[in-house]
Amino acid sequence: MQSYTPINCDHHDYIELACVRGYPLIIILTDGSEVRGRALTTETRADHSEWLVVKTAVHQRSIRLDSIAKISTDIEGASFSSINLK
């Protein structure tokens, strides 16, 4: 895996808000694939990479933040609708 590239600090606020409120998200990864899941938390690993943890329909999944191109909320009345990370 490539070395981690930190995301813009402004984007962290939206991601943390999604976790605190447990928003269902549609996440588009930089490879074009899509992940749908409820935001649970973020975590920082020993190599200083940052991850978003979501609960999908099947299991819990960790997604490295620098692999996310776009996050959209999948709920009406959310505090934000989408953010572009790339």
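A residue is called buried when its relative accessible area is under 20%, exposed when it is over 50%, and partly exposed in between, with a 1.4 Å probe and protein chains only. The exercises below concern a predicted model, in which local features need pLDDT of at least 70 and side-chain atom pairs count only at pLDDT 80 or more, while totals for chains, interfaces and linings use all residues. Residues are numbered from 1 along each chain as its sequence is written, and side-chain values use heavy atoms, with hydrogens and water left out.

**Exercise 1.** Find where H48 is placed and state whether H48 is buried or exposed.

Solution. Begin with the secondary structure, where helices (H or I, at least four residues) and strands (E, at least two) are DSSP runs numbered from the N terminus. H48 sits in the loop between β2 and β3. Next, apply the opening definition: with a relative accessible area of 61%, H48 is exposed. Finally, look at the backbone, where H48 has a positive phi of about 75° although it is not a glycine. Most residues other than glycine have a negative phi.

**Exercise 2.** Work out the order in which the strands form the sheet, and name its edge strands.

Solution. Two strands count as paired if DSSP finds at least two bridges between them. Start with β2 (residues 34-44) and β3 (residues 50-55), which run antiparallel and are joined by 6 bridges; within this pair, E43 has W51 as its bridge partner. Then take β5 (residues 68-73), which pairs with β1 (residues 24-29) in the antiparallel sense over 5 bridges, with I26 opposite S72. Strand β5 is also joined by 3 bridges to β6 (residues 82-84), again antiparallel, and here K70 stands opposite N84. The result is an open sheet of 6 strands in the order β4-β3-β2-β1-β5-β6, with antiparallel pairing. Its edge strands are β4 (60-64) and β6, each of which pairs on one side only.

**Exercise 3.** Determine which residues of helix α1 are buried, and what covers them.

Solution. First, establish the helix: α1 has 13 residues and reaches 19 Å from its first C-alpha to its last, close to the 18 Å expected at 1.5 Å a residue, the expected span being 1.5 Å times one less than the number of residues. Second, list the buried residues, which are H11, H12, I15, A18 and C19. Seen down the axis of α1, these buried residues fall within an arc of 125°, so they line one face of the helix; the arc is that of the directions from the helix axis to the C-beta atoms. On the other side, C9, D10, D13 and V20 are exposed. Third, identify the cover, which includes β1, β2, β3, β5 and β6. A residue in β6 gives an example: I83, buried at 7% relative accessibility, touches H11, Y14 and I15, among others, where contact means heavy atoms within 4.5 Å.

**Exercise 4.** Explain why C19 is in no disulfide.

Solution. A disulfide is taken as a pair of cysteine sulfur atoms within 2.5 Å. The closest cysteine sulfur to that of C19 belongs to C9 and is 16 Å away, which is too far for a bond. By this rule the count comes to 0 disulfides. As for surroundings, C9 is exposed, with a relative accessible area of 61%, whereas C19 is buried at 10%.

Notes: Lists of a residue's contacts leave out its neighbours within four places in sequence.
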